[in-house]
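Open the model in your viewer and keep the selection tool at hand. The stops below follow one another.

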Amino acid sequence: MIRMRRLRASSNLRSLVRETVVTKDDLVYPVFIKEGKDIKEPVASMPGIYQYSADRFNEELDRVVNAGIKAILVFGIPSHKDEFGSEAYNDNGVTQNIIREIKKKVPDIIVIADVCLCEYTSHGHCGIICGHEILNDETLEPLAKMSVSLAKAGADIIAPSDMMDGRIAYIRKVLDSNGYKNTPIMAYSAKFASGYYSPFRDAAQSEPSFGDRKTYQMDPANGREAVRECENDIAEGADIIMVKPALAYLDVIKEVSNFTNYPLAAYNVSGEYSMVKAAALNGWIDEKRVVMENLTSIKRAGAGIIITYHAIDAAHWLKED
């Protein structure tokens, strides 16, 4: 008889043969910075997550540093929004200012700057619009201007999440021509039009005022297309590619990891986080056990970088263990 259970007999044996290990170095923590003063507003649909103004963000940054998290993903929420999202590339905008403050206080932390217009536009879409059409090519210039502005502020990585065709090549060219040849691009390559984003819309205040994002984000039914999207972004100059969401798309993460050896990120998104938190708060699940199982599944599927709202808790649990 083949006895597979021999290697499961003790904790030390299980650790010895463990195939997949999540570490705090794998984790990226998303943060929401709101323009204004003395703001620490809870996101109702995301227990434990807050919007902070710059003057209150130090307390959250301290939590990140104390947990040993080495990278954060920054989303800015401006007080002024217009049809063109012009605050996105304001050198003194909310996101640019907080990046400077973070890098001044913790120079070694990796600051990843999300690049998209949805938080900055009055209509909430990720690009320039004409009527109810989201224009692809006309959106590339403001995305590139935003990228340069964020790199100038000190962002270590630029992360375009808009899903416009050709934006990685356009942004790469403009970054290079402005002296930022060494600034990496983390492309939201396979970003699906998912129902799991709803709590994020509350956190980032980016709900579209009309329609949806299905004409530019991917159809959840398409796996092979996700590989093509990643292939295109690599060809255009992306340094890191991403699949978003994570848990409902583990098969896509696996397919992409089989296709390329480029660094691969996965975004454990707001809806995935909120479902776990809601169940845990009701006493239905063991939060630590389920979170670590979810994160392990994402890494086992092939992602080396995991963007997750669980990052601080997970880092502490890993330290305890």
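**Stop 1: a lysine and two rings**

Select Lys-244 and Tyr-197: the charged end of Lys-244 lies over the Tyr-197 ring, 4.9 Å from the ring centre. Remember that you are looking at a predicted model. Now add Tyr-267. The charged end of Lys-244 sits over this ring too, 4.5 Å from its centre.

**Stop 2: the ring cluster**

Keep Tyr-267 selected. Which residues do ring pairs link with Tyr-267 into a cluster? Add Phe-32, Phe-75, Tyr-188, Phe-200, Tyr-273 and Tyr-309.

**Stop 3: aromatic pairs**

The count of aromatic pairs comes to 10. Select Tyr-50 and Tyr-52, a tilted pair with 6.0 Å between centres and 55 degrees between planes. Is Tyr-52 buried or exposed? Tyr-52 is buried, because its relative accessible area is 3%, under the 20% cut-off. Tyr-50 is partly exposed, at 28%.

Go next to Phe-75 and Phe-200. Their rings meet edge-to-face, 5.0 Å centre to centre, with 75 degrees between the planes. Phe-75 belongs to strand 4 (residues 71-77) and Phe-200 to helix 6 (residues 198-204), so this pair ties together parts 125 residues apart in sequence. Both Phe-75 and Phe-200 are buried.

**Stop 4: helix 11**

Select residues 311-320, which form helix 11. Colour its buried residues: Ala-311, Ile-312, Ala-314, Ala-315 and Trp-317. What do the buried residues of helix 11 pack against? Show strand 1 (27-34), helix 2 (58-67), helix 10 (287-301) and strand 12 (305-308); these are the packing partners.

Notes. Residues are numbered from 1 along each chain as its sequence is written. This is a predicted model: local features need pLDDT of at least 70, side-chain atom pairs count only at pLDDT 80 or more; totals for chains, interfaces and linings use all residues. Side-chain values use heavy atoms; hydrogens and water are left out. Buried means under 20% relative accessible area, exposed over 50%, partly exposed in between (1.4 Å probe, protein chains only). Helices (H or I, at least four residues) and strands (E, at least two) are DSSP runs, numbered from the N terminus. Contact means heavy atoms within 4.5 Å. Rings of Phe, Tyr and Trp (its six-membered ring) pair if their centres lie within 6.5 Å; planes under 30 degrees apart count as stacked, over 60 as edge-to-face and the rest as tilted. A charge sits over a ring if NZ of Lys or CZ of Arg is within 6 Å of the ring centre and within 35 degrees of the ring normal.
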